[in-house]
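Let us walk through this structure together, one neighbourhood at a time. Please keep the sequence and the 3D view side by side as you read.

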Amino acid sequence: MKRYVGKGVFAAAAYGRIKILESSKIPVAETKAENTEKEKKRFENAKSEAISQLQEIYEKALEETGEENAQIFSIHMMLLEDEDFNDAVIDNIQSMKVSADYAVYKAGEDFSHLFSSMDDPYMKARCADIIDISQRLVKILSGVSVEDDCPVTTDEKVIICAEDLTPSETVNLDKNKVAAFVTVYGSSNSHTAILARNMNIPAVIGIGNDFFKEIKDGDFAVCDGSTGEVFVNPDEKTVGLMEDKQRKDAERLRLLQELKGKESITLDGRKIKLFANIGSVSGVSAVIENDADGIGLFRSEFLYLEGKDYPGEEEQFSAYKKVLEDMKGKKVIIRTLDIGADKQVDYFNLKKEENPALGNRAVRLCLSRPELFRTQLRALYRASVYGNLGIMFPMITSVWEVEKILNFCSLVKKELENEGSRFDENIEIGIMIETPAAAIISDRLAKYVDFFSVGTNDLTQYTLACDRQNSDIEDFCNPHHEAVMRLIKTACDNAHKNGIWIGICGELAGDTTVTEEFLKMGIDELSVSPSYVLKLRDKIRRIRLG
């Protein structure tokens, strides 16, 4: 028996025969082509086919992992239409007189090398996306079936072992044939790791090259996603321990289903609002299925990410109205658009920034483009009569921003009154606490709004000066850091002193190791991915605050 240790990304046990997945990356030889117009047409046809494939993957990811994770593939679809990438491919065909296959391959290689050498973490992250989409195009142009990316021909569940997996390869894994997967590379914050967690696939990443060199197809292995351990050709005792873990996991899942319809209440009687986060209208079904008390974060930017032009007022109104109606009076908190940083949209024509995470994004973009902001606010206020709406504004750092936002709201309400349009006068207005500045001056900000919602992802990154997508500094990006917790506590105290409620909608809200600490701080609401709701309810019902 040999033992290897990596990073566990989904706390479940699995065992099976090893299936080594060779790299699916196809090298392409430089092939000359006399008819460049024909090659351009081949490229355009391949793009259409790639978008069609990605739409299918998006829908599969939406069903299995939720909207937030499925958006990875929306970004891939947008990259296929990226002007710079397309110009590079066309230029390669014309100037080098090469096949579309090679033109795409070379453009992909050039862009990935360019992005990987940049200091900016956002641009580094685009490297993996460019490789993914360029390889998809190359396979289509070469006549290689993309379905062969993760071939598993046996009926027996196997442990997929690979140097790395792309997001699309991960989603394409057949959950009925894959017991777990293990990769040499990767970080626990990568798209692949996050997808594994949300697909409920036990996974260990970053296990190192020695593992890959020493294993062979058919070796029997057990994989512990909670400890990051992988045992190859284990003894009977180790197999028995894994089987016992699996039985306990299955029983725990069964018991969680019994919590539907029950309150999220501590042993000593404190009731917590347990909401869910979604990123599109289609996410409502998961909220209802998992019995959340409401929607604590509806990411409205999906309307902007999925289109090729600014969504109009009627399009937005219809989407918000449907969500509110489907939730049948339960609270729905819609966050105004958060475009910028890692969410880029070509038609916004945003300037290239040295550090997009600190640039023109979210509410800054709204305040600098009044008509864009006005359109969304009009749609929100008009939809408010169809349910229980709250509006939340992201990326706040100053009191003057909130004052300006409230002025916009007043103007929109006045317009609607003059037009005879109905809206709810009692909409709760909230802001996100996701910058250290907002947490520190939360005593002043609380006087202007009805609630706070802490975005722990950005709060951690800005407080610790760490990009959470950068695997090289993963050990430094600790969301449990004392400074982060103190800022949350400060915001919580100031919210209650001013008579408003406070919730957490970032990833940390679903971390049950800190649930009790949050409740002792006085946090009133937790909003998580729908699949985490029952697990968190179970945790809350076991806590005695004293």
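A good place to start is H76, which touches L54, D129, D132 and I133 once residues up to four places away in sequence are set aside. Bear in mind from here on that this is a predicted model. H76 itself belongs to helix α2, residues 67–80. Is this histidine buried or exposed? With a relative accessible area of 1%, H76 is buried, since anything under 20% counts as such.

From there, turn to the empty space inside the protein. Rolling a probe the size of a water molecule over the atoms shows where such space is left. How many cavities of 30 Å³ or more does the search give? The count comes to one, and the largest cavity holds about 30 Å³ of space. Its lining is made up of K25, Y105, G108, E109, I131, S134 and Q135. If you colour the helices, you will find that α4 (100–116) and α5 (121–142) each supply at least two residues of that lining. Sorted by class, the lining of the largest cavity has two nonpolar, three polar and two charged residues.

Next, move along the chain to strand β14, which spans residues 451–454. In a regular strand the side chains alternate between the two faces of the sheet. Here both faces are covered: F451 and S453 on one side are buried, and so are F452 and V454 on the other. Which strands pair with β14? Strand β13, residues 428–433, runs parallel to β14 and is joined to it by four bridges. Within that pairing, I433 stands opposite V454 of β14. Strand β15, residues 501–504, also pairs with β14 in the parallel sense, again over four bridges. In this second pairing, F452 of β14 stands opposite I502 of β15.

Now to the cysteines. How many disulfides does the model contain? The count comes to zero. C492 is in no disulfide, and the nearest cysteine sulfur, that of C505, is 14 Å away. Seen from the other end, C505 is in no disulfide either, its nearest cysteine sulfur being that of C492 at 14 Å. A pair would need its sulfur atoms within 2.5 Å to qualify, so the separation rules this one out. As for their surroundings, C492 is buried with a relative accessible area of 0%, and C505 is buried with a value of 4%.

Finally, have a look at the backbone of two loop residues. D291 has a positive phi of about 65 degrees although it is not a glycine. You will find D291 in the loop between α10 (284–289) and β10 (294–299). Its relative accessible area is 19%, so D291 counts as buried, the limit being under 20%. A362 is another residue to check: it has a positive phi of about 55 degrees, although it is not a glycine. This alanine lies in the loop between β11 (331–335) and α13 (363–368). A362 is buried, with a relative accessible area of 0%.

How values were computed: Residues are numbered from 1 along each chain as its sequence is written. This is a predicted model: local features need pLDDT of at least 70, side-chain atom pairs count only at pLDDT 80 or more; totals for chains, interfaces and linings use all residues. Side-chain values use heavy atoms; hydrogens and water are left out. On a 1 Å grid over the protein atoms alone, a cavity is a set of points where a 1.4 Å probe fits but cannot get out, and a pocket is an open set with protein on both sides within 12 Å along at least five of seven lines; lining residues have an atom within 4 Å of a point. Grid points are joined across faces, edges and corners, and a volume is the space filled by probe spheres set on the points. Ala, Val, Leu, Ile, Met, Phe, Trp, Tyr, Cys and Pro count as nonpolar, Asp, Glu, Lys and Arg as charged, and the others, Gly among them, as polar. Buried means under 20% relative accessible area, exposed over 50%, partly exposed in between (1.4 Å probe, protein chains only). Two strands pair if DSSP finds at least two bridges between them. Contact means heavy atoms within 4.5 Å.
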